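Work through the exercises below with the structure open. Try each task before you read its solution.

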Amino acid sequence: MSDNTVFTTRGHVFHIDPESRKKWLPSAEGPAGISLFYDEQRGVYRLVACDANQKVILNSTMQANMTFTKTSAKFGQWSDKSSGHNVYGVGFSSESDLNKFHEEFNKAKVNLRALDGKKGTEHLSSGIITPRPEFNLTKDPSPSGGGHKRPSSTELRMRSPDGSTQLSPVLPDTPASPTFHSSPTNRDSLQDIDATVDLATKPPPGADEQQVLRYESKRLKAALARSSENAKKWEAELHTLKNNNARLTAALQDSASNVSEWKTQLKSYKEESTRLKQRVRELESKRDGQSDSQSSELEEARRRRTEAERQTRQAQEELETVREDLNQKIEELEGKNQTLRESCAESEERLSQFEEKQLQFEIEYRQAIDEKEKSFEQQAMNDNQFATLKSNIKTKITEISSLIDSK
């Protein structure tokens with residue numbers, strides 16, 4: 001394959017979320033290298049992008065009917081129905097990079113159309129009726145399944161990664177439209193027609209004119225049959241295009257209604273601004289008419305303010321005087337309080353000494369009482385002993401007296 005590099009740039013590559021079909025998903029973590037290749041042998045343009053690990057994240061074969069839409073100053077998208085993602089988006093760091101990519105995209109489209117026209121002219125000049133390129137009618141798989149439904153106008157909107165609102169030819173939440181793939185060249189179609197004709201009936205070289213005409217008639221019949229089949233496919237394609245056109249028209253009408261609503265709001269804002277300006281002018285005129293009375297009132301207010309300021313200063317001076325007197329009295333009271341604290345401390349010390357002496361006196365007093373009680377006890381014992389001794393003496397005296405009397 002002889003691929004020639006036509007254009008190379010760097011940008012962020014995105015694709016539509018296959019499940020929700022409403023938001024963009026990045027194909028790589030950072031910017032990727034995007035290249036436009038041209039295959040001279042096949043006459044095919046391809047857009048290829050690789051990430052930092054040289055992994056292919058974009059491989060889109062361009063068709064002549066592709067459309068690149070700039071949805072913002074730095075972001076654009078196109079629909080590739082031959083791939084699995086359906087819609088690709090690229091974001092660039094500057095508007096000039098996007099414009100350059102758009103220019104190269106359109107150049108490739110123009111070249112593809114020129115190649116298709118050149119091939120058709122070559123077949124027409126050969127004198128053989130050749131049908132248009134064959135289209136393969138296949139439906140893209142739909143995640144939800146089921147039949148087609150007409151989406152609302154809000155479903156036609158998408159949001160690009162940079163935050164701008166856009167209209168996309170791929171409608172979310174609906175099964176994808178039938179996809180048509182053109183055959184490589186018209187020469188392949190002619191070979192298919194020749195294959196349908198019985199090769200045994202092909203006239204040998206030098207055959208007569210009748211055999212040649214019969215063979216050409218068979219070829220023309222086969223071409224006519226193939227053309228009828230292609231006409232049916234083209235009708236289906238036209239129907240699909242009409243449906244897409246109707247959806248896009250509904251989206252444009254919705255956008256137009258939004259623009260009308262915005263214009264109405266802008267008009268109301270302008271009217272409100274005009275009304276407020278008129279009100280300001282009226283207030284200014286009233287202020288000019290009342291300037292004399294207001295000036296006298298202003299002078300009176302100034303005089304009152306001056307008097308109030310004078311009274312305020314006088315009150316502040318009196319407050320400062322009172323504050324100084326209060327501070328002086330506080331200092332005197334603090335001095336007296338300190339003297340009382342010292343006297344109280346001295347009294348407490350004397351009281352403590354007195355309590356110690358009183359305690360010592362009580363101890364001595366108790367000891368004296370104890371000694372006195374002991375002396376009383378000892379005297380009582382002595383008295384008892386003396387009484388006993390006295391009674392013993394009396395007894396002895398009585399005995400002695402009785403002894404004397406008996407003799």
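The exercises go from the whole chain to single residues, and the model is a predicted one.

**Exercise 1. Overall picture**

Task: State how many helices and strands the protein has, and what share of its residues is buried.

Solution:
- Step 1. Count the elements: the protein has 4 helices and 12 strands.
- Step 2. Take burial next. Of the 407 residues, 26% are buried.
- Step 3. Turn to the surface. The accessible surface comes to about 28,900 Å², and carbon and sulfur atoms hold 53% of it.
- Step 4. Look at contacts with a separation of 6 or more. Residues 24 or more positions apart account for 61% of them.

**Exercise 2. Partners of strand 1**

Task: Find which strands pair with strand 1, and name a residue pair for each.

Solution:
- Step 1. Start with strand 3. Strand 1 and strand 3 run antiparallel and are joined by 8 bridges. Thr8 stands opposite Ser35 there.
- Step 2. Go on to strand 8. Here 4 bridges join the two strands, again antiparallel. Phe14 faces Gly89 as its opposite residue in strand 8.
- Step 3. Finish with strand 2, residues 24-26. The pairing with strand 1 is antiparallel, over 3 bridges. His15 has Leu25 as its bridge partner.

**Exercise 3. The hairpin of strands 4 and 5**

Task: Describe the pairing of strand 4 with strand 5, then find the residue in their hairpin with a positive phi.

Solution:
- Step 1. Strand 4 and strand 5 pair in the antiparallel sense over 5 bridges. Leu47 stands opposite Ser60 in strand 5.
- Step 2. The hairpin has 5 residues between the strands. Gln54 lies in this loop.
- Step 3. Most residues other than glycine have a negative phi.
- Step 4. Gln54 is not a glycine, yet its phi is positive, at about 60°.
- Step 5. Is Gln54 buried or exposed? Its relative accessible area is 62%, so Gln54 is exposed; the cut-off for exposed is over 50%.

**Exercise 4. Ile57 in strand 5**

Task: Classify Ile57 as buried or exposed, and list what Ile57 is in contact with.

Solution:
- Step 1. Locate Ile57: it is found in strand 5.
- Step 2. Its relative accessibility is 13%, so Ile57 counts as buried. The limit for buried is under 20%.
- Step 3. Leave aside neighbours within four places in sequence. Ile57 is then in contact with Val13, Ser27, Ala28, Ala32, Ala49, Cys50 and Asp51.
- Step 4. Take Ala28 from that list. It is 29 residues from Ile57 along the chain, and the two C-alpha atoms are 7.3 Å apart.

**Exercise 5. The nonpolar cores**

Task: Identify the residues of the largest nonpolar core that touch the most other members, and say which helix contributes.

Solution:
- Step 1. This core has 25 residues; Met62, Trp78, Val90, Phe101 and Phe105 touch the most other members.
- Step 2. Trace the suppliers. Strands 1, 3, 4, 5 and 8 and helix 1 (95-125) each give at least two residues. Helix 1 gives the most, with 5 residues.
- Step 3. Another core, of 5 residues, lies apart from this one. Phe14, Trp24, Phe75 and Val87 are among its members.
- Step 4. Check Val90. Beyond four places in sequence, its contacts include Ile34, Phe75, Trp78 and Phe101.

**Exercise 6. A nonpolar surface patch**

Task: Name the residues of the nonpolar surface patch, and classify Ile397.

Solution:
- Step 1. The patch consists of Leu389, Ile393 and Ile397, with about 270 Å² of accessible area together.
- Step 2. Ile397 lies in helix 4, residues 291-406.
- Step 3. Ile397 has 46% relative accessibility, so it counts as partly exposed.

Technical notes:
Residues are numbered from 1 along each chain as its sequence is written. This is a predicted model: local features need pLDDT of at least 70, side-chain atom pairs count only at pLDDT 80 or more; totals for chains, interfaces and linings use all residues. Side-chain values use heavy atoms; hydrogens and water are left out. A nonpolar core is a set of buried Ala, Val, Leu, Ile, Met, Phe, Trp, Tyr and Cys residues joined through side-chain atoms within 4.5 Å. Buried means under 20% relative accessible area, exposed over 50%, partly exposed in between (1.4 Å probe, protein chains only). Contact means heavy atoms within 4.5 Å. Accessible areas come from the Shrake-Rupley method with a 1.4 Å probe; for residues, only the protein chains shown count as cover. Patches are made of residues with over 30% relative accessible area and no salt bridge: like charges are joined within 9 Å, nonpolar side chains (Val, Leu, Ile, Met, Phe, Trp, Tyr) within 5 Å. A salt bridge is a side-chain nitrogen of Lys or Arg within 4 Å of a carboxyl oxygen of Asp or Glu. Two strands pair if DSSP finds at least two bridges between them.
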